[in-house]
Amino acid sequence: MLVLAFLIGIVAGLRSMTAPAAAAFAARFGGLHVADTPLAFMGYAFTPWILGVLALGELVTDKLPSTPSRKVPVQFGGRILTGGLSGATIGAGSGSLIAGLLLGALGALVGTLGGAAARGALARAFGSDRPAALLEDVVAIAAAVMIVSQA
């Protein structure tokens with residue numbers, strides 16, 4: 001479970017709202033049992049839908065030229081927070097909330113810096129940022145689904 005907490009953190013580094021949305025959907029409809037933990041709200045009826053809408057909005061706004069870099073303090077900090085929340089949600093069901101939080105935050109750090117470097121390299125290779133951004137979307141969504149399905 002703790003490896004999955006780290007991995008969902010990496011997803012948060014790529015797309016900050018995709019990770020908590022996936023964790024919330026897993027808490028509501030899948031195998032993440034958080035009902036008797038401080039993160040019970042992640043499994044509430046509306047939580048996955050609210051986070052899902054925010055994740056969809058992020059997928060759109062990420063492509064706008066006015067969107068700031070993921071490495072500016074507010075964006076970076078937000079990714080660390082959502083990585084920690086997502087990792088904690090995965091860890092909570094097995095009694096490892098704090099370890100999940102820490103590993104999720106660490107994964108978000110890795111995902112933020114690694115994702116920025118990978119996207120920059122892909123954008124240079126493609127000659128445009130849009131295909132790199134769309135590929136990053138696919139990777140983040142697919143990884144999030146695979147990670148929470150194993151949790």
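Which residue's side chain is joined to the side chain of E136 by a polar contact of 3.2 Å? Keep that in mind while you open the structure, which is a predicted model, and begin the tour at E136.

**Stop one: E136**

Select E136, which you will find in helix α6, and then show the side chains around it. The partner asked about above is R15, since the side chains of E136 and R15 are joined by a polar contact of 3.2 Å. If you now display the surroundings of E136, leaving out residues up to four places away in sequence, you will see that E136 touches L14, R15, R70, G115 and R119. E136 has a relative accessible area of 7%, and because buried means under 20%, E136 is counted as buried.

**Stop two: R70**

One of the residues touched by E136 is R70, so select R70 next. R70 lies in the loop between α3, which covers residues 47–61, and α4, which covers residues 73–92. R70 is also buried, here with a relative accessible area of 8%. Look for the backbone oxygen of G13, which lies 3.4 Å from a polar atom of the R70 side chain. When residues up to four places away in sequence are not counted, the residues that R70 touches include G13, L14 and R15, as well as Q75, F76 and R79. Also among them are G111, T112, G115, A116 and R119, together with E136, where the tour began.

**Stop three: helices α2 and α6**

Two packed helices are described by the angle between their axes and the distance between the axes. Select residues 18–29 for helix α2 and residues 129–150 for helix α6, and you can follow two axes that come within 9 Å and cross at roughly 30°. Because angles under 35 degrees count as roughly parallel, α2 and α6 are described as roughly parallel to each other. The crossing in which α2 passes α6 is right-handed. To see where the two helices meet, show T18, A22, A23 and A26 on α2, and A140, I141, A144 and V148 on α6, which make the contact. Sorted by class, this contact of α2 with α6 has seven nonpolar residues, one polar residue and no charged residues.

**Stop four: P48**

Finally, keep A22 on display and select P48, a residue of helix α3. The C-alpha atoms of P48 and A22 are separated by 7.6 Å, although these two residues are 26 residues apart along the chain. With a relative accessibility of 0%, P48 counts as buried. Setting aside neighbours within four places in sequence, P48 is in contact with A24, F25, R28, F29 and M42.

How values were computed
Residues are numbered from 1 along each chain as its sequence is written. This is a predicted model: local features need pLDDT of at least 70, side-chain atom pairs count only at pLDDT 80 or more; totals for chains, interfaces and linings use all residues. Side-chain values use heavy atoms; hydrogens and water are left out. Helices (H or I, at least four residues) and strands (E, at least two) are DSSP runs, numbered from the N terminus. Buried means under 20% relative accessible area, exposed over 50%, partly exposed in between (1.4 Å probe, protein chains only). A polar contact is a pair of N or O atoms within 3.5 Å; within protein, one must be able to donate a hydrogen and the other to accept it, and residues adjacent in sequence count only if both atoms are side-chain atoms. Contact means heavy atoms within 4.5 Å. Axes are lines fitted to C-alpha atoms, for helices over the stretch in contact, and angles run from 0 to 180 degrees between N-to-C directions. Angles under 35 degrees count as roughly parallel, over 145 as roughly antiparallel, 65 to 115 as roughly perpendicular and the rest as oblique. A crossing is left-handed if the near helix is turned anticlockwise from the far one by less than a right angle, and right-handed if clockwise. Ala, Val, Leu, Ile, Met, Phe, Trp, Tyr, Cys and Pro count as nonpolar, Asp, Glu, Lys and Arg as charged, and the others, Gly among them, as polar.
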